[in-house]
There are 2 protein chains.
Amino acid sequence: MMVANHKHAFSQILDPARVLDDPSSLHDYGRDRTRVHEPAPSLVLFPKTTEEVVRIAEYCARERLPIVPSGGRTGYAGAAVAAHGEVVVSMGKMDRILGIDLESGCVEVEAGAILENVQHAVAETGMYLPLDFAARGSAQIGGCIATNAGGLKVIKYGMTRELVLGLEAVFGRGQVLRLNTSLHKNNSGYDLKQFLVGAEGTLGIVTRATMQIVPQPKRLNVGLIALSRLADTPPVLKEARLRSLDLTAAEFFTGACLEAVMAHLPQMRSPFPIRYPCYLLIEIDEGEHDGQLTAFLEHVSGIPGIEDATVATSPQSFRELWALRENISESIGTLGLVHKNDIAVPVSSMPAFVGALESLVRERYRGLDVLLFGHIGDGNVHVNVIDRTSKDAAGFETRVEELDTALCELIQSYNGSISAEHGIGLLKKRLLHLQRDPVQIELMKAIKHTFDPANIFNPGKIVDW
Amino acid sequence: MMVANHKHAFSQILDPARVLDDPSSLHDYGRDRTRVHEPAPSLVLFPKTTEEVVRIAEYCARERLPIVPSGGRTGYAGAAVAAHGEVVVSMGKMDRILGIDLESGCVEVEAGAILENVQHAVAETGMYLPLDFAARGSAQIGGCIATNAGGLKVIKYGMTRELVLGLEAVFGRGQVLRLNTSLHKNNSGYDLKQFLVGAEGTLGIVTRATMQIVPQPKRLNVGLIALSRLADTPPVLKEARLRSLDLTAAEFFTGACLEAVMAHLPQMRSPFPIRYPCYLLIEIDEGEHDGQLTAFLEHVSGIPGIEDATVATSPQSFRELWALRENISESIGTLGLVHKNDIAVPVSSMPAFVGALESLVRERYRGLDVLLFGHIGDGNVHVNVIDRTSKDAAGFETRVEELDTALCELIQSYNGSISAEHGIGLLKKRLLHLQRDPVQIELMKAIKHTFDPANIFNPGKIVDW
C-alpha cells in the first residue's frame, strides 16, 4: 500500500496535525545521535494516549508496517534510526508527569516525559530520581527504559532497570501490558516488565512508567587521585568498599584525556602541578561526617601507584573537579577523527584488558590513539579511537570498523561487554555473535517472535529477526 | 517407562549413590515448607556438575519426564513440591563457593551453596552479601534466585534480582545459558538472566550464579515507635526519606503480635510500660553520626499518632528490639490454627487496605483474628489469619480458602500483589487470575513454551501450562 494510504489511515486514528511527512520532520525524527545511516521514515506519528498507540499498532500489525519507537533520539547505537520507510512513533506528546507518591517512593510518568523535567519535579518534593546522564535535557523516560540507560549514578543506584517499578506497554498486535504499579515487591509469576527494559523497542512500546525515587544525597564531596598506572585503580576501589564509603561515583580518565580538556578549555585550572598517566575521580556522600574523603585519600596514599590527590574544598572546586571529567567527550571531539566504543570488563580485569588493548592498537593500528575514560567503578570504559592527522573520514571508518572487531574479540576473551550502556541497535549488530552464543541468539529470536509475531516493532535492530 | 528404567538410565549419568528412591528421601525431597500436598516424587537426583544437569535434562526431555528443581526447600508456595512422580533434581551437592572478587564486587557460587555459608565467606573478606531472611541456614542461592527472594534488607538493597550479576542455567532440552559474569553493565541484547529470576524453576535450572556484594554497614541502630494507628506509619517513612536517613529496615507489627510474643516468651522485656495498637521498628545505618536516630524520633514525635518511642542504647537492647519482631512468626504459631498470606500494596494505600481487610474479616469471618506484621517499608505485610479456639483444621482450611479469594480481590482493588515474596507455586495458582489479566497469562505461557518446549521444568507450577 502507498504511503498516502497509510497517512490517510493514521489521520483517522490521530488528529492529522500529529501525522507528519514533511522532509524536515522525516529527517529529524528518522535518526538518533548516530550518523551512519541516512534517515528515511515514511511518516512520523505523535500519539497522545495509550489508546492511540494501540490503534497504531493494530493498524501496523494488519499492514505489516514496521514501527520505530522514538524517544529523545539521544542514543548512540542507531536503535531509533528509521532508514527503511518505517513509521516513527514519537512519544514526545505523551510527556506528562502523572504523580509523585512520597510514601510509596515513586513517580509515575508518561513515556515521553523528559528526564530532566522528571528530575526537577521529584527534586521539588525533596526526593531524588537517581538517573542522570549528559543527555538529560532531551532523553525521555521511555527511551531510558528501552535502552536500560546507565549514566553517572549507577555505582550507587544501579541502571534504569533497577529503578523501574511499573510499566505500561503496547506490544504484539496492539495488546496492552499493565505491569505492577508502585510495588517494590511482587513475586506473582514472570516479571514481564523486565523483558521490555533494555529491549531497544523490539518487543513493544513503553507508554507509561512508575519509577522509584530515593532520598537525596546528604552532602557530596569529590576528590581526584593521580596515578602512575591504571593497575592501581581497582585496589583503590576495593579499599573504598572495605571502608564502607558511600561511593556515588568512581570515574577514571587517562592523562591524554586531561590534556585534551586543558587544550580545549585553557581557562580551566590544572588539578596538579604536573601531569600523570591516569586519574581517578571519587565522589562520596559524606553525610554528617566531614573529612571522610580526606581521611580515605590519606589511607590509600600508601598504594604504590598513587602519586598525588586533591579534595574539593568549596562548591566551586567541587564543580571544577567534575568539569575535568564532564568536558572530556567534547574536548576529544576537537582532536581529530574520533570513533567511540562503550564497553565493560570486570573491574579486576581492567588493567590487563587495557594493556592488551593498547598493545593491539600500537602494533596493528599505527597512527591511531586510544583515549580512555569512563565509569570505572562499574567496569565501564569509553574507548575513544582517534586519528589526529588524517582528514580521510571514509578511510578512518574502514580502519575502525576492523579495529572494532578486534576490540570486541579482546573483550570476549576478558568476559566483557561489547556494549555496556549504549545497546546494540544497528551499529553493533554485526558484532553481537562475539557477545552471545547461538543458543542465546536463538532464544532472543524466539522471545522476539513471542512478543511481536507480526515483526512490527523495530525490526532489524539488535539482530535480524 | 517404569521408574526402574529411569533409575537405571540416571545411574549411567550419575554415580548411582546420587540416584535415590528410598521412601525417606522421596518424602523429604518431595516437599518444601508447605504441607498441603503429599510428596510423591519418583526419584531424587544429586548432580555434581553442570554437565550432569545437562544430561539429566536431555534425558527428561526425550522421555517427557517432569523435573522439580530443588534447593533448600524452604519455600511457602509449593514450588518445590513433587507430588506427581516427578524427578527431583536437588542442587544440594553443587554447593561450592567458587570465588570472591573484591575489586569487581562479587561472589561466584554453585547454585546449591547455602545462603548462610555464602554470607559468612563474604563477611570474612570484609564485604557483605545483602540478602538475608530467616531460612538462611537452609536456603540455597539457586532457590533464592528462582523465587527472587526478599527478606529483611530489601528496603536498602532490593530483592535477589537486583543482586544477580551473572547466571548459568540449563533449560530447554539441555542447552546451557551462560549469562554475563561479574559485569554490572551489559546492554547487549535481551537480559536473558532476568527471565530465570523469579520463574520458580519453570524455565530451567540455575546451576551457577555471580552475586553482587557490597560494603558492610558501618553502624546500625534500631528504634521502636509506638503508634495509635497504622495510618501514621507512611508519614513516618516519608519523613525518614526526606531526612535522607540511610534506612536499612522498616518493619511493622500490630499490638496483637507483640502480645503473642510476650505470652510465648515471658522472659522478654516489654518495650513500653503500656501496650499500643501498632509498632514500627526502624533500623538505620548511623555511620559516624551518633544520635541520628534519636534526633529523627524527636523530629517525628509531633505526628499525631505517635505515642512513644525508644532507641537501642547497647548491643543487647539492639538485639532485644529486633527479637520482638523476629519472634512473631513462631509466637503466633502457638495461638491456634494459623493461615499465612504474604501480600503487598503501595505504602500509601496500606492504611486504607488494612482497614478494609479488618472490616471484611469482622463482618464475614466471625471468630477469625487477623494479625499483621511485615516489611512495611516495602509495602509488604504478612497477613496471618488465626482461629484461637477451633480444633477443626479441615473446617479452618475451607474457611481461609474462601477468605483468601476475598483477600486477593481486595488486594486487586488496591493495585497490590497477592504474593510479595513467596511466589505462586502451587498454592496461589487458583488466584493468579486476580493478579494477571488474560493477556499477561497468555504471554507467560508463550514464554514458558519458548524456554521449555518439552514442558519438563516444574510443570503445573504458577499456572497450568
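These exercises work through a predicted model with chains A and B.

**Exercise 1. The extent of the interface**

Task: State how many residues of chain A and chain B are in contact, and how much area is buried between them.

Solution:
- Start with the contacts. Chain A puts 85 residues in contact with 85 residues of chain B.
- Turn to the area. About 6,700 Å² is buried between chain A and chain B. Carbon and sulfur atoms give 60% of that area.
- Look for the leading contributors. A:Lys185, A:Asn187 and A:Tyr190 supply 15% of what chain A buries against chain B. No other three residues supply more.

**Exercise 2. The make-up of the chain A side**

Task: Find which helix of chain A gives the largest share of the side that touches chain B, and sort that side by residue class.

Solution:
- Count the polar pairs. Between chain A and chain B, 45 residue pairs are in polar contact, both residues being at pLDDT 80 or more.
- List the elements. Strand 9 (175-179), helix 7 (193-196), helix 8 (233-242) and helix 15 (438-451) of chain A each supply at least two residues of the side that touches chain B.
- Pick the leader. Helix 15 of chain A gives the largest share, nine residues.
- Sort by class. This side of chain A has 35 nonpolar, 33 polar and 17 charged residues.

**Exercise 3. A salt bridge across the interface**

Task: Place A:Asp191 in chain A, decide whether A:Asp191 is buried or exposed, and identify its salt-bridge partner.

Solution:
- Place the residue. A:Asp191 sits in the loop between strand 9 and helix 7 of chain A.
- Judge the burial. The relative accessible area of A:Asp191 is 18%. The cut-off for buried is under 20%. A:Asp191 is therefore buried.
- Find the neighbours. Beyond four places in sequence, A:Asp191 touches B:Arg161 and B:Arg436.
- Name the partner. A:Asp191 forms a salt bridge with B:Arg161, and their closest N and O atoms are 3.5 Å apart. The two side chains also make a polar contact.
- Set the pair in context. Six salt bridges are found across the interface of chain A and chain B.

**Exercise 4. The nonpolar cores**

Task: Name the residues that touch the most other members of the largest nonpolar core.

Solution:
- Take the largest core. This core has 244 residues, and A:Phe10 and B:Phe10 touch the most other members.
- Follow one of them. Leaving aside neighbours within four places in sequence, B:Phe10 has contacts that include B:Val19, B:Leu43, B:Ile56, B:Tyr59 and B:Val87.
- Note the second core. A separate core of 29 residues includes A:Leu152, A:Leu258, A:Leu265 and A:Met268.

**Exercise 5. Positive phi outside glycine**

Task: Compare the places and burial of A:Asn455 and B:Ile462.

Solution:
- Recall the background. Most residues other than glycine have a negative phi.
- Read the angles. Phi is near 50 degrees in A:Asn455 and about 70 degrees in B:Ile462.
- Place them. A:Asn455 is in the segment after helix 15 of chain A. B:Ile462 is in the segment after helix 15 (438-451) of chain B.
- Judge the burial. A:Asn455 is partly exposed, at 33% relative accessibility, whereas B:Ile462 is buried, at 0%.

**Exercise 6. A residue pair apart in sequence**

Task: Give the sequence separation and the C-alpha distance of B:Tyr157 and B:Val214.

Solution:
- Place B:Tyr157. B:Tyr157 lies in helix 6 (residues 154-157) of chain B and is buried, at 14% relative accessibility.
- Give both separations. B:Tyr157 and B:Val214 are 57 residues apart in sequence and 9.2 Å apart from C-alpha to C-alpha.
- Check for contact. B:Val214 is in contact with B:Tyr157. Other contacts of B:Tyr157 include B:Tyr128, B:Pro130 and B:Pro217.

Definitions and conventions:
Residues numbered from 1 in each chain as written. Chains lettered and ligands numbered in written order. Heavy atoms only, no water. Contact = heavy atoms within 4.5 Å. Buried area = accessible area lost by both parts, 1.4 Å probe. Salt bridge = Lys/Arg side-chain N within 4 Å of Asp/Glu carboxyl O. Polar contact = N/O pair within 3.5 Å; in protein donor to acceptor, adjacent residues only side chain to side chain. Helix = DSSP H or I, 4+ residues; strand = E, 2+ residues; numbered from the N terminus. Nonpolar A, V, L, I, M, F, W, Y, C, P; charged D, E, K, R; others polar. Core = buried A, V, L, I, M, F, W, Y, C linked by side-chain atoms within 4.5 Å. Buried < 20%, exposed > 50% of the residue type's maximum accessible area, 1.4 Å probe, protein only.
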